[in-house]
Amino acid sequence: MIYFVEDDNSIRELVLYTLNNAGYEARGFERPSLFWEALKQEAPRLILLDIMLPEEDGLQILKRLRASSATSKIPIMMLTAKGTEYDKVIGLDYGADDYVPKPFGMMELIARVKALLRRAEVVDTDRDYTIGQLFVSPSKHVVRACGDDVTLTLKEFEMLTLLVENQGIVFTRDQLLTKIWGYAFDGESRTVDVHIRSLRQKLGACGGLIETVRGIGYKIGEDKYEKPNI
């Protein structure tokens, strides 16, 4: 199930029609209050969210979704007419997994939806990673820093997993955009910086493991391996 929160009837109906024709089950909501009621009954696989909404703006909804353990890992795509760098950064900083400015083509939207749902699938691996006091289990979608559970957005988790799986290897911003987002995000490398900053903050003392390689990108640095209490 895909949920779409959009107060413009024509846009909402067109997107729902397109999603249904592409084989997805989707529901639309013109007001946030209707969306929150539906969320109590069923958790969707993906949420498409507009910013300019009555009752409550999309960024506030996004913030609430990411703050709740029940919805923090649901992939969220922002669909909005606001396309400035500031709005992109704020949305990504709040935990959005993708950002599509209006107007957008239906074929592009379906491609983005497919890519985001594909990346949201659990990674098929039984290997866990321990670096210092950082523990990452891709298969269980578990992250612990200094013994404490850490809640990450989908993109944050994917980025951390990629870095941990390739410890010591430096990834450029363009490489991270391509590997994590699956496309060049309009050449906006700031997207990567926002997620790295958020990762470091959430990991606390373990955030220092994510090293900035000046002029190139980021990597997970070397550290002693210690088995955390799990």
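A residue counts as buried when its relative accessible area is under 20%. In this predicted model, Cys206 has a relative accessibility of 5% and is therefore buried. Across the protein, 51% of the 230 residues count as buried.

The overall architecture comes next. The secondary structure of the protein comprises 8 helices and 12 strands. Contacts with a separation of 6 or more were also examined by distance along the chain. Of these contacts, 60% link residues 24 or more positions apart.

Confidence was assessed residue by residue. The average pLDDT of the protein is 84. A score of at least 70 is reached by 87% of the residues. Over residues 224–230, however, the pLDDT falls below 50. In the model, this stretch has 14 contacts beyond near neighbours in sequence.

The cysteines were considered next. A disulfide is a covalent bond between the sulfur atoms of two cysteines. The count of disulfides in the model is 0. Cys146 takes part in no disulfide. The cysteine sulfur nearest to Cys146 is that of Cys206, 3.7 Å away. Seen from the other side, Cys206 is likewise in no disulfide, and its nearest cysteine sulfur is that of Cys146. The cut-off for a disulfide is a sulfur pair within 2.5 Å, so the distance of 3.7 Å does not qualify. The two residues also stand in different accessibility classes. Cys146, at 40% relative accessibility, is partly exposed, whereas Cys206, at 5%, is buried.

Aromatic side chains form a further theme. The model holds 4 aromatic pairs. One of them joins Phe29 and Phe35. Their ring centres lie 6.0 Å apart, and the planes make an angle of 70°. This pair is edge-to-face. Both Phe29 and Phe35 are buried. The two phenylalanines belong to one aromatic cluster, together with Tyr3 and Trp36. Trp36 has a charged partner as well. The charged end of Arg64 sits over the ring of Trp36. The distance from this charged end to the ring centre is 3.9 Å.

A polar contact involves another arginine. Asp98 lies in strand S5, which spans residues 98–101. The relative accessible area of Asp98 is 0%, so this residue is buried. The side chain of Asp98 is joined to that of Arg112 by a polar contact of 3.3 Å.

Notes
Residues numbered from 1 in each chain as written. Predicted model: local features only at pLDDT ≥ 70, side-chain atom pairs only at ≥ 80, totals over all residues. Heavy atoms only, no water. Phe/Tyr/Trp six-rings, centres within 6.5 Å; stacked < 30°, edge-to-face > 60°. Buried < 20%, exposed > 50% of the residue type's maximum accessible area, 1.4 Å probe, protein only. Lys NZ or Arg CZ within 6 Å of the ring centre and 35° of its normal. pLDDT = per-residue confidence, 0-100. Contact = heavy atoms within 4.5 Å. Helix = DSSP H or I, 4+ residues; strand = E, 2+ residues; numbered from the N terminus. Polar contact = N/O pair within 3.5 Å; in protein donor to acceptor, adjacent residues only side chain to side chain.
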